[in-house]
Each structure stands twice: as structure tokens, then as C-alpha cells.
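Please look through the structure shown here, with attention to its cysteines and to its pockets.

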Amino acid sequence: MTDSECNDMDLIVVRTIKELREWRNSLDRNTRLGFVPTMGGLHEGHLSLVDRSLSETDITLVSIFVNSTQFSASEDLNTYPRQEKTDIELVKKRGCKIIFAPNATEMYPIGYGTFVESDIGKPNRNIQSEGASRPSFFKGVATILTKLFIISKPNHVYFGQKDAQQCAVVKKLIMDLNFDIKMRICDTIREKDGLAMSSRNLYLTNEERKVAPIIYKALLIGKKEYDEGERKSKQLKRLVIDKIKEMSESIGKDEILPQVIYVSICNRWSMEEVDGEITDSAGISKNLICIAAMLGKTRLLDNVVL
Ligand code: AMP
């Protein structure tokens, strides 16, 4: 009996680093490995990354690991959606052959003490960012991804634009640590009403779920204003915040008004806040409007590219 589980002739679930390494080393030199790291609670957003990897590479590895180091003590590590059986079925249906689903001590054994930190993910980089609002978040993300990249040696990795700031941190990590990996960033997959799919959407009550699409609607209003010529960062941010308030009130959901944590207009790669005029260079989109908001107990995140 090996450490991995053969759920099916077609898909193996690997639990240990040793076995994943052996599997990786057994692949032909020319096999292109696509890798989709996730924390499970899979939905069509995650699966769109799996589809893209399947279409661009020879074999796709999906990891499912709720990474404790990216959660602060007050966050939802213990309640984070865990639905491994369903996740395995979903991944299998897409045609994927291998999942890496280690337990917490496999990745962080007792005495673990090495962390990776990117300058752009640091809390002081931008006070209106995930780095500032969740101080240990990017350190945890960069650490687990470095470990996973070293273990699985992927040729391509797939991330979602939904977590735009995370994409910036990963891009820099790959560059700075000389990983020979191509990074693909896939579009945000949304529900019909515009809400960005997220594992955390499961936490929303029915009432909150009705209000949640307001966040994307406000972002689109901001983007439209930008497209029509508004270049003052402050004005655009104000507009997005005001629209969230206005739309919540207009549907009579005053009591569950989304609490905006930040609205940021920042460079999509450096994450530096654009305080004055927003500039664009030769049609290349380089800035984002990012938003984080609490809706009840649920932290929602979204962004649009300007
Ligand atoms: P998570 O499991 O939340 O860590 O997400 C794993 C990957 O899926 C990350 O690269 C996310 O950016 C991506 N992802 C999550 N939600 C979406 C979505 N709605 N659309 C596209 N990608 C997504």
C-alpha cells in the first residue's frame, strides 16, 4: 500500500511530499506540467484554471490545501469550506489525473520555521491592500507556493485575476527566486448577477447574497467613469464607495450594508497606490480598482482592470 489513494483508475490523490516528488520525477523530461494551487471549496472559478491548464499542458496537477500560514488568528481557518470528496469529483470530471492533498503537518511539521516574503506583499507597501489589511497573508501565500513549486516543479502555473494582488506577488516571486515557470492569469469567473465566485460565498446568508453583487456593479461604474475620461484617483474611489452605499440603500438593505475595508487604485504589478492622476501607457492596462468589503461575516474581494 502506498501513501497515495487510487480513488479511481483515472485519478490519484497524493498525500505526501515524497510521493509527489517520485511521481514528478517519473514524468518524461518533455512532459509539460501545469499546476493549479487551490485551497479547495472548488467552484467554476477554480475549474476554469484547471480547464486552461488541461488545454495548454500535457498533464495537470491540482493541489488542495487550506494553508494555515496565510490566515491570521482572527480569521476563518477553522470554518473555511472543506469538501474534499466533492472537490475530487469535480476535478476528476474535468479530466484531471492527479491531486496533491497533503495534511497540515506534511507541509508544516512541528518546528517548521522558514518563510518567504515579497516586498510588494508587505503590509507597509500600500495601506489600501490585502498586505496591509491582512498582514500575514502574502507571507503565507508566498511560503506555501514556494514549497509547492519546489516540490512539484511545474512548467506552467495558473492563477485567477480575481485575486489580482496575489497575482502580483506570485509574478514577483517567480521572477525573484528564478523559478523556471510560466505564469498564466485567468479571467475572473462570475455568477450570473456579477458576483465573483469565491469559496467564501458559501458563508453569505440569503439576504447578504442578494446584496453582494453591488460590489462588482460599483466597480463597473468606476471603470465606466474611467473609460469616459475621469483620471483623478480620489474622485474615482469616492464614486465607487458612494455607489455601494447608494445601491445598498436603494434595495432597502441598510442593515446589511457592505462595510468597505478599502477601495484602492493601484498599479497591477507593483501594487503601489495611484494617488493623483491615473496614467496609462499606450493602451496597456496597468492599473486596477481593487475592493475588499465585509458583508456580515464574509470578506469579499473583487477588482477590475482599468
Ligand atoms: P483559492 O482556493 O481561493 O486559494 O483560489 C485558488 C485559485 O483560484 C487562485 O488562483 C484564485 O485566484 C483562483 N480563483 C478563485 N476564484 C476565482 C474566480 N472567481 N475566477 C477565477 N479564478 C478564481
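Cysteine 266 counts as buried at 1% relative accessibility, where buried means under 20% relative accessible area, exposed over 50% and partly exposed in between, for a 1.4 Å probe and protein chains only. This is a predicted model, in which local features need pLDDT of at least 70 and side-chain atom pairs count only at pLDDT 80 or more, while totals for chains, interfaces and linings use all residues. Residues are numbered from 1 along each chain as its sequence is written, and side-chain values use heavy atoms, with hydrogens and water left out.

The closest cysteine sulfur to that of cysteine 266 belongs to cysteine 290 and lies 4.0 Å away, which is too far for a bond. Cysteine 167 is likewise buried, at 1% relative accessibility, and its sulfur is 8.7 Å from the closest cysteine sulfur, that of cysteine 186, again too far for a bond. Across the whole structure the search finds 0 disulfides, a disulfide being a pair of cysteine sulfur atoms within 2.5 Å.

Turning to the pockets, the largest has a volume of about 260 Å³. Of the 18 residues that line this pocket, Ile64, Phe65, Val66, Arg82 and Pro102 are the closest to its centre. The second largest pocket holds about 190 Å³ of space, and its lining is made up of Ser74, Glu75, Asp76, Arg134, Arg200, Tyr203, Met294, Lys297 and Arg299. A pocket here is an open set of points on a 1 Å grid over the protein atoms alone, where a 1.4 Å probe fits, with protein on both sides within 12 Å along at least five of seven lines, and lining residues have an atom within 4 Å of a point.

Notes. Points joined across faces, edges and corners; volume = space filled by probe spheres on them.
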